[in-house]
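Here is a short structural report. Contacts of one residue come first, then the fold, the salt bridges and the backbone geometry.

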Amino acid sequence: MALSCLFAATTTAMAAPEGEESGVEATEIVGTPFRISAGGGCDLPLPEGTPVTYNFSGQWAGISAAPGAFTVEEYEEVVIKFAEAPACYYNVPFKDAKGTQQWNAVGDQNGTEWHIAITQNITELGIQNVQEGPTSLTITDSYAVKKDGSKETIKWTWAWGVSTTVDADITSGTATLTGRWGGVNISNDIIGKEGRKILRIYTDDETDLNGFPIQWCIRTAEGADAWPQIGVVNAHYAECNIDDNLQSIFLQYTAENATWKLGIKAITWELIDGDVPTAVSSIATQNMKNGKFMKDGKIVIMKNGKAYNVMGIQQ
């Protein structure tokens, strides 16, 4: 989840659904845009040739290849290229045709280009750090060479104890989220910013946030995990206030056994002074409107001027 580039605030036109209001200008995307990249259980297409740095948190952290299955009838080899020769030792673990875990499919990890010959059927393939302490790999290209000479691009997905840094300004895109806990990595531009912060999500016309099961997954500067609720203001805009100093942020999909497409126009953040009313933090300004709102970090449901919690109990 750790990305490290700060971007200037931008304003982009966005049409609000008819009859709906928010605490920000309905036609603007406001705040400093986060950089985004694919997290676990998420496919977020990146520009072709985009280098991606995979930050391994420590020993046994690793990433998985997609696709990860290679047969001797169809494939010759897998090629992985790096910006620099790896500084630490890595395994390329795999599972054979019987699903038995094996520990190294490549012999030389010292160069900037690894070639993995497909000499047996492989059902899963990955890269794993086998030394203690954090380390990083920047992959510039990776592909499987087929018997007919064609190449199939390999995407590396988050697996265990790994975050990504994308060397490109990715601030929008369509993320395909598969299964519970899949999500989108968010850059750490907000790290070190003290005070109340507002996080905002803007989606395209195909993504209705009213029926989309997502939440923030954050880690504070003290290392504590939290899952603050997102207040959906309208079909294509949601926000959340956070007072904690942050270490990392993740936009997480919370439903099971389904695949969703999250069309992201922008995910932004902004420091706010005092109790500046926002679309979901000020119930008083919304008391004539039905819907879900945020108050003191909790979801409040407004109906006919009355407030209820998520259990339906009047507040």
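Leaving aside residues up to four places away in sequence, T123 touches G68, A69, K95, D96, A97 and G99. In this predicted model, T123 sits in strand β11, which spans residues 122–129. One of its neighbours, D96, also takes part in a polar approach: the side chain of T123 comes to 3.1 Å from the backbone oxygen of D96. Q101 is 22 residues from T123 in sequence, and their C-alpha atoms are 9.8 Å apart. Is T123 buried, exposed or partly exposed? Its relative accessibility is 34%, so T123 counts as partly exposed.

**Overall fold**

The protein has 27 strands and zero helices. Of its 315 residues, 45% count as buried. Contacts reach far along the chain. Among those between residues at least 6 apart in sequence, 78% join residues at least 24 apart. The exposed area is about 15400 Å², and carbon and sulfur atoms supply 48% of it.

**Two nonpolar cores**

In soluble globular proteins, nonpolar side chains tend to be buried together. Here the largest nonpolar core holds 32 residues. Which residues have the most contacts inside it? They are V184, I186, W216, I249 and L251. Seven strands, listed by residue range, each give at least two residues to this core: β16 (173–178), β17 (183–186), β18 (197–203), β19 (214–220), β22 (237–242), β23 (246–253) and β24 (259–271). A second core is separate from it and has 27 residues, including V52, Y90, I116 and V162.

**Strand β10 and its partner**

I116 of that second core belongs to strand β10, residues 113–117. The side chains of a regular strand alternate between the two faces of the sheet. In β10, W114 and I116 form the covered face. E113, H115 and A117 form the uncovered one. Strand β6, residues 75–82, pairs with β10 in the antiparallel sense, over five bridges. Within β10, W114 stands opposite I80.

**Salt bridges**

Side chains of opposite charge can pair when their charged atoms come close. The count of salt bridges in this model is eight. Three of them are tabulated here, with their N to O distances.

| Basic residue | Acidic residue | N to O distance |
|---|---|---|
| K155 | D43 | 3.4 Å |
| K146 | E74 | 3.4 Å |
| R219 | D225 | 2.8 Å |

Start with K155 and D43, which form a salt bridge. K155 lies in strand β14 (residues 155–160) and D43 in strand β3 (residues 42–43), so the pair ties together parts that are 112 residues apart in sequence. Both ends keep some solvent access. K155 is partly exposed because its relative accessibility is 38%. D43 is partly exposed too, at 34% relative accessible area.

Next come K146 and E74, joined by a salt bridge. This pair also links distant parts of the chain, 72 residues apart: K146 is in strand β12 (residues 135–146), and E74 is in the loop between β5 (62–66) and β6. K146 has a relative accessible area of 22%, so it counts as partly exposed. E74, at 37% relative accessibility, is partly exposed as well.

The third pair is R219 and D225. R219 is partly exposed, with 34% relative accessible area. D225 is partly exposed at 40% relative accessibility. Which residues are joined into one network by salt bridges that share partners? They are E74, K146 and E152.

**Backbone geometry**

Most residues other than glycine have a negative phi, and most peptide bonds are trans. Three sites in this model depart from that pattern. The peptide bond from A66 to P67 is cis, with omega near 0°. P67 is in the loop between β5 and β6, and E74 of the salt bridge above is in that loop too.

The other two sites are tryptophans. W60 has a positive phi, near 75°. Its place is the loop between β4 (52–56) and β5. With a relative accessibility of 48%, W60 counts as partly exposed. W181 is not a glycine either, yet its phi is positive, at about 80°. W181 is found in the loop between β16 and β17. Its relative accessibility is 45%, so W181 counts as partly exposed. The strands that flank this loop, β16 and β17, each supply at least two residues of the 32-residue core.

Methods. Residues are numbered from 1 along each chain as its sequence is written. This is a predicted model: local features need pLDDT of at least 70, side-chain atom pairs count only at pLDDT 80 or more; totals for chains, interfaces and linings use all residues. Side-chain values use heavy atoms; hydrogens and water are left out. Helices (H or I, at least four residues) and strands (E, at least two) are DSSP runs, numbered from the N terminus. Buried means under 20% relative accessible area, exposed over 50%, partly exposed in between (1.4 Å probe, protein chains only). Contact means heavy atoms within 4.5 Å. A polar contact is a pair of N or O atoms within 3.5 Å; within protein, one must be able to donate a hydrogen and the other to accept it, and residues adjacent in sequence count only if both atoms are side-chain atoms. A nonpolar core is a set of buried Ala, Val, Leu, Ile, Met, Phe, Trp, Tyr and Cys residues joined through side-chain atoms within 4.5 Å. Accessible areas come from the Shrake-Rupley method with a 1.4 Å probe; for residues, only the protein chains shown count as cover. Two strands pair if DSSP finds at least two bridges between them. A salt bridge is a side-chain nitrogen of Lys or Arg within 4 Å of a carboxyl oxygen of Asp or Glu.
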